[in-house]
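The following exercises concern helix packing and aromatic contacts in a predicted model. Each task is followed by a worked solution.

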Amino acid sequence: MADTQPVIFVGGLGRSGSTLLERLLGEVPGVVPLGEVVHLWDRGVRADEPCGCGQRFSQCPFWTKVGIRAFGQWRQSQAGWLPGLRARVDRTRRVPVLALGLASREAELAEYVRSYSRIYAAAAEVADAQVVLDSSKHASLAYCLSAIMDVRVVQVVRDPRAVAASWRRRVRRPEDGRPMTRWTPARTAVHWLAQNLAFEVLRRKGVEVVRVRHEDLVRDPRGTLGRLVTRLGLPDGGLPFLDGHRALLGVAHTVSGNPMRFSVGTVEIRDRPGPLRRSQRWLVTAMTLPLLLWYGYRLAYRPGARR
Ligand SMILES: [Zn+2]
């Protein structure tokens, strides 16, 4: 049954370290990481961007098999109407409606979630995995999925000042060389609050939401990942791919995500938060209080300082 497939959803605001966490969890036996499934139709099926394995989506043997099992094949027509359905049911502005459980667009929501559960079930079958990992991040999708299916959420949190510094940086997408979206610190602060508060409310609704601070993962990869794996009921297996602050990563068929999804071999687990101007630092700090303190961050932002 498609809707009994165990799914772990990695949530949080972009640039919070969700790709690193996904890659590490993806090395745990029985877990298959899929990347950001929310972008599968537009970036995979339509734009044919490369999978994490380096092959184009249409050439990747893993996703080809998943498409056959889930839908007979990946169809451009489906890639045409599914993003429209997403725009109607899966939006941050609809989180309050979903949080209150108000009856609204229920048939469309069920149809939307069905497209995910088919992909999850097919991916688990093709990879011979027990658990699939979707790192789509957006809280609104976590609400949509949890309204219909059993989903556990890992909420990745990072110091909002470090997140704001990252959103200011100029970075090119390895997929097509185009610049990645940039946000002002104020905009990042608003999104940081909205996403994290949405996950806090989701937890209060009874959905299992496990919070992980990116800084804790980077400071103590083995301890932090070990606790998370235990909490999620996954086989620990001794985490043999971890060696101090290094991880040995295999190929992952991730459909979209941060450039780190292409990394294979030994990678350093580190954090290099960028600088922010004094005024921007205080703006983000003021805007994200008191949640920033609740998550254990200090008022003063000192990039690189150990907490
Ligand atoms: Zn692939």
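**Exercise 1.** Determine the handedness of the crossing of α8 and α9, and classify their packing angle.

*Solution.* The crossing of α8 and α9 is right-handed. For the angle, take helix α8 as residues 160-168 and helix α9 as residues 185-204. The two pack at an angle of about 130 degrees, and their axes lie 9 Å apart. Angles over 145 degrees count as roughly antiparallel and those from 65 to 115 as roughly perpendicular, while the rest of the range above 35 is oblique. Helix α8 is therefore oblique to α9.

**Exercise 2.** Identify the residues through which α8 and α9 meet, and sort the contact by class.

*Solution.* From α8, the residues are P160, V163, A164, W167 and R168. From α9, they are P185, T188 and W192. Sorted by class, this contact of α8 with α9 comprises six nonpolar residues, one polar residue and one charged residue.

**Exercise 3.** Classify the ring pair of W41 and F71, and place both residues in the structure.

*Solution.* The structure holds eleven aromatic pairs. In the pair of W41 and F71, the ring centres are 5.5 Å apart and the planes stand at 65 degrees. Planes over 60 degrees apart count as edge-to-face, so this pair is edge-to-face. Next, W41 belongs to helix α2 (residues 40-46) and F71 to helix α3 (residues 61-71), so the pair ties together parts 30 residues apart in sequence. Both W41 and F71 are buried. Finally, W41 and F71 belong to one aromatic cluster with F57, F62, W63 and W74.

Conventions. Residues are numbered from 1 along each chain as its sequence is written. This is a predicted model: local features need pLDDT of at least 70, side-chain atom pairs count only at pLDDT 80 or more; totals for chains, interfaces and linings use all residues. Side-chain values use heavy atoms; hydrogens and water are left out. Axes are lines fitted to C-alpha atoms, for helices over the stretch in contact, and angles run from 0 to 180 degrees between N-to-C directions. Helices (H or I, at least four residues) and strands (E, at least two) are DSSP runs, numbered from the N terminus. A crossing is left-handed if the near helix is turned anticlockwise from the far one by less than a right angle, and right-handed if clockwise. Contact means heavy atoms within 4.5 Å. Ala, Val, Leu, Ile, Met, Phe, Trp, Tyr, Cys and Pro count as nonpolar, Asp, Glu, Lys and Arg as charged, and the others, Gly among them, as polar. Rings of Phe, Tyr and Trp (its six-membered ring) pair if their centres lie within 6.5 Å; planes under 30 degrees apart count as stacked, over 60 as edge-to-face and the rest as tilted. Buried means under 20% relative accessible area, exposed over 50%, partly exposed in between (1.4 Å probe, protein chains only).
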